[in-house]
Amino acid sequence: MKKVFVGVLTVAISFVFTFAVAEANPKYKIGIVDFQKVLLTSSPGKLATEEMEKEGKKMEADVKSREDEILELQKKLERESLVMGKEKTEEKQRELRIKANDFKSLKASYVKKFKQIQAQHFNRIKNEVLKLTAEMGKKEGYSLILEKNEGGIMYIDDAVDITDKVIKLYNKTAVSN
């Protein structure tokens, strides 16, 4: 909830500031980028999706294979438990529990690994798009480029950036208190 509020507040402040600046100086150019669309429709985005799907299918096939193996062992144990002795049955049950725990660990490991793969692709594409957007912004004379869904600033012309002024004012205020 707090993240949404901060995002909305950032967008609102950006628009107020942008329109105030644009009215004072009409040379400013604003752009919006939909990063989600870039991920879904760009060639690198599609390639990353294909790679993730391929890796995901491998993991899924391994999980399914091991799950089938455990189910088969469980059925075998149920069939043979009537003719096995108590000690042998308990030993087989213990082996089955160990395999089931190993299966759960493997499944959790694959989920973690898949999330890492997703994050790697996402971060790589995000960094490439940010760099490209900044270069395009400079080349084509954009003053401000915002990300459509997050409202994050992807590029801002130095003339619009007032960070140094805010730092000086903040430092001056901090010294006097």
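The following exercises, each with a worked solution, concern a predicted model of a protein chain.

**Exercise 1. Overall architecture**

Determine how many helices and strands the protein chain contains, and in what pattern they follow one another.

Solution.
Step 1. Counting the elements gives 5 helices and 3 strands.
Step 2. Reading along the sequence gives the pattern α-β-α-α-α-β-β-α.
Step 3. The protein chain has 177 residues, of which 22% are buried.
Step 4. Consider next the contacts between residues at least 6 apart in sequence: 65% of these join residues at least 24 apart.

**Exercise 2. The length of helix H3**

Compare the expected span of helix H3 (residues 43-80) with the distance between its end C-alpha atoms.

Solution.
Step 1. Helix H3 has 38 residues.
Step 2. The expected span is 1.5 Å times one less than the number of residues, which gives 56 Å for H3.
Step 3. The end C-alpha atoms of H3 are 55 Å apart, which agrees with the expected span.
Step 4. At the N-terminal end, Ser42 acts as a cap of H3, with a side-chain oxygen 3.1 Å from the backbone nitrogen of Gly45.

**Exercise 3. The buried side of H3 and the nonpolar cores**

State which helices the buried residues of H3 pack against, and identify the residues of the largest nonpolar core.

Solution.
Step 1. The buried residues of H3 include Gly45, Ala48, Met52 and Gly56.
Step 2. The buried residues of H3 pack against helix H2 (35-41) and helix H4 (86-140).
Step 3. The largest nonpolar core has 11 residues: Met52, Met59, Val63, Ile70, Leu77, Met84, Leu96, Phe103, Leu106, Tyr110 and Ile117. Helices H3 and H4 each supply at least two residues of this core.
Step 4. Another core, of 5 residues, lies apart from the largest one; among its members are Phe35, Ala48, Ile125 and Val129.
Step 5. As general background, nonpolar side chains tend to be buried together in soluble globular proteins.

**Exercise 4. Salt bridges**

For the salt bridges Lys113–Glu55, Glu69–Lys99 and Arg124–Glu128, establish which helices hold the partners.

Solution.
Step 1. The structure holds 5 salt bridges, including the three considered here.
Step 2. Lys113 and Glu55 meet at 3.8 Å, N to O. Lys113 lies in H4 and Glu55 in H3, so this pair ties together parts 58 residues apart in sequence.
Step 3. Glu69 and Lys99 meet at 3.1 Å, N to O. Because Glu69 belongs to H3 and Lys99 to H4, the pair ties together parts that are 30 residues apart in sequence.
Step 4. Arg124 and Glu128 meet at 3.5 Å, N to O. Both lie in H4, 4 residues apart, and are therefore separated by about one helical turn.

**Exercise 5. Two polar residues**

Decide whether Glu147 and Thr89 are buried or exposed, and describe the surroundings of each residue.

Solution.
Step 1. A residue counts as buried when its relative accessible area is under 20%.
Step 2. Glu147, in strand S2 (residues 144-147), has a relative accessibility of 9% and is therefore buried. The side chain of Glu147 reaches the backbone nitrogen of Phe35 at 2.8 Å.
Step 3. Thr89, in helix H4, has a relative accessible area of 11%, so Thr89 is buried. Leaving out residues up to four places away in sequence, Thr89 touches Leu77, Ser81 and Met84.

Conventions: Residues numbered from 1 in each chain as written. Predicted model: local features only at pLDDT ≥ 70, side-chain atom pairs only at ≥ 80, totals over all residues. Heavy atoms only, no water. Buried < 20%, exposed > 50% of the residue type's maximum accessible area, 1.4 Å probe, protein only. Polar contact = N/O pair within 3.5 Å; in protein donor to acceptor, adjacent residues only side chain to side chain. Contact = heavy atoms within 4.5 Å. Core = buried A, V, L, I, M, F, W, Y, C linked by side-chain atoms within 4.5 Å. Salt bridge = Lys/Arg side-chain N within 4 Å of Asp/Glu carboxyl O.
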